[in-house]
Amino acid sequence: MGEPGAERPGVLDAAGLVRDVSGFAHDIDGDLLADPERLAAIDAGREALPELSATRFGPPIAPPGKVVGIGLNYRCHAAAAGAEPPAEPIVFLKPSSGITGPNDEIVLPPGSAHTDWEVELGVVIGTRLRSCPDPAEALRSVAGYVAANDVTERAHLRSGPTWVRGKCHDTFSPLGPWLVTADEIPDPQALSLDLRVNGTDRQRGSTADMVFGVAELLSHLSGLMTLHPGDLVLTGTPAGVAALHPEPRPYLRPSDVVDIEVQHLGRQRTTVRG
């Protein structure tokens with residue numbers, strides 16, 4: 001919590017107060033997530049830690065080494081696009097420089113005309129994962145889960161041979177408010193996802209509709225690259241994006257307000273700025 005560049009890491013106590021854990025770690029990063037003894041010490045002593053009183057929530061994790069995105073990973077989304085579900089995960093990368101807090105502004109890039117929303121389940125890695133063919137074992141590498149909005153400029157997405165231009169802009173990855181540890185989410189394939197723009201329902205889905213579940217995705221990704229503690233995987237979005245809405249398509253414009261919620265992971269409210 002705190003202003004950009006001056007955030008202090010925190011943890012919720014039993015009463016819902018945010019407690020300062022900067023005495024244990026400078027950030028919620030891969031080093032901390034890979035250290036079960038420090039995590040246990042924070043959990044055991046959190047009720048006695050000082051309360052954080054700042055009003056702004058920063059991102060719930062430090063900038064990860066990499067952000068891995070998955071495209072067209074919900075059956076309802078594929079159906080809305082008139083496409084068959086992919087035979088294997090569609091993988092792309094986003095820069096960590098786009099990560100912001102759950103209530104920070106989404107800033108439209110210059111000339112934006114087709115900026116879109118995508119509510120997603122984010123998966124944060126806790127232990128190094130490489131070449132793991134067993135999905136159940138791969139799932140044990142998860143430190144926790146976050147609510148995410150994979151904001152996308154569709155015009156830029158179509159203007160080159162890769163998706164990078166449409167995904168790379170600053171503020172295009174709002175996260176949070178919480179990193180909820182894996183033990184609190186026994187089944188990541190049983191979470192609802194909702195997104196509203198200016199109070200109008202735009203997306204409503206369930207992670208049960210994923211083409212490739214979290215365990216399968218992590219196993220697949222581990223064969224392509226090493227996943228390190230603190231890395232973030234964005235697992236795809238359900239139907240309801242602006243790009244597949246009937247004309248006129250309601251792409252994001254200045255002053256729009258985007259609310260998202262992923263079950264058990266909290267709510268975001270972001271305002272769009274031109």
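The exchange below works through the fold, core and side-chain pairings of one chain, in a model that is predicted.

Biologist: How many helices and strands does the chain have, and what radius of gyration goes with them?

Modeller: The chain has 7 helices and 17 strands. The globule rule gives 19 Å for 274 residues, and the chain comes close to that value, so it is as compact as a globular protein of that length. Its C-alpha trace spans about 55 × 45 × 30 Å along the principal axes, and the radius of gyration is 18 Å.

Biologist: Among contacts between residues at least 6 apart in sequence, what share joins residues at least 24 apart?

Modeller: Buried residues make up 50% of the 274 residues, while the chain exposes about 12,100 Å², of which carbon and sulfur atoms supply 52%. For contacts between residues at least 6 apart in sequence, the share that joins residues at least 24 apart is 75%.

Biologist: Which residues touch the most other members of the largest nonpolar core?

Modeller: The largest nonpolar core holds 43 residues, and the elements that give two or more residues to this core are S3, S8, S9, S13, H7 and S16. Apart from it lies another core of 17 residues, with Ala25, Leu33, Val67 and Val124 among them. In the largest core, the residues that touch the most other members are Leu121, Tyr145, Leu218, Val262 and Leu265.

Biologist: Beyond its neighbours within four places in sequence, which residues is tyrosine 145 in contact with?

Modeller: Tyrosine 145 is one of the residues that touch the most other members of the largest nonpolar core, and its partners include Leu121 and Leu265, which are also named in that group. Leaving aside neighbours within four places in sequence, the full set is Leu121, Gly122, Val123, Leu139, Trp178, Leu179, Val180, Ala182, Ile185, Pro188, Val214 and Leu265.

Biologist: Is helix H7 mostly covered or mostly uncovered, and which elements do its buried residues pack against?

Modeller: H7 is mostly covered, with 7 of its 9 residues buried. Those buried residues are Val214, Ala215, Leu217, Leu218, Ser219, Leu221 and Ser222. The elements they pack against are S3, S4, S8, H4, S9 and S15.

Biologist: Which two residues form the aromatic pair, and how far apart are they along the chain?

Modeller: A search of the whole structure finds 1 aromatic pair. Phenylalanine 57 and tryptophan 178 form this edge-to-face pair, at 5.2 Å centre to centre and with 90° between the planes. Phenylalanine 57 is partly exposed at 22% relative accessible area, and tryptophan 178 is also partly exposed, at 27%. The pair links the loop between H2 and S3, which holds phenylalanine 57, to the loop between S11 and S12, which holds tryptophan 178, and the two residues are 121 residues apart.

Biologist: Why does the salt bridge between aspartate 150 and lysine 167 tie together separate parts of the chain, and which network includes both residues?

Modeller: The side chains of aspartate 150 and lysine 167 meet at 2.8 Å, N to O. Aspartate 150 lies in the loop between S9 and S10 and lysine 167 in helix H6, so the pair ties together parts that are 17 residues apart in sequence. Buried means under 20% relative accessible area, so aspartate 150 at 0% counts as buried, as does lysine 167 at 3%. The network of salt bridges that includes both is Lys94, Asp116, Glu118, Asp150, Arg154 and Lys167.

Biologist: Is arginine 267, which forms a salt bridge with glutamate 261, buried or exposed?

Modeller: A search of the whole structure finds 18 salt bridges, including one between aspartate 13 and arginine 19 at 2.8 Å, where both residues are buried. In the bridge between glutamate 261 and arginine 267, the closest N and O atoms are 3.1 Å apart. Glutamate 261 is partly exposed at 27%, whereas arginine 267, at 57% relative accessible area, is exposed.

Biologist: Where does histidine 77 lie, and what is its relative accessibility?

Modeller: Histidine 77 lies in helix H3, residues 75-80. Leaving aside neighbours within four places in sequence, histidine 77 is in contact with Leu72, Thr237, Pro238, Ala239, Val241 and Leu244. Histidine 77 counts as buried, its relative accessibility being 10%.

Notes: Residues are numbered from 1 along each chain as its sequence is written. This is a predicted model: local features need pLDDT of at least 70, side-chain atom pairs count only at pLDDT 80 or more; totals for chains, interfaces and linings use all residues. Side-chain values use heavy atoms; hydrogens and water are left out. Helices (H or I, at least four residues) and strands (E, at least two) are DSSP runs, numbered from the N terminus. Buried means under 20% relative accessible area, exposed over 50%, partly exposed in between (1.4 Å probe, protein chains only). Contact means heavy atoms within 4.5 Å. Rings of Phe, Tyr and Trp (its six-membered ring) pair if their centres lie within 6.5 Å; planes under 30 degrees apart count as stacked, over 60 as edge-to-face and the rest as tilted. A salt bridge is a side-chain nitrogen of Lys or Arg within 4 Å of a carboxyl oxygen of Asp or Glu. A nonpolar core is a set of buried Ala, Val, Leu, Ile, Met, Phe, Trp, Tyr and Cys residues joined through side-chain atoms within 4.5 Å. The radius of gyration is taken over C-alpha atoms; the globule rule is 2.2 Å times the number of residues to the power 0.38. Accessible areas come from the Shrake-Rupley method with a 1.4 Å probe; for residues, only the protein chains shown count as cover.
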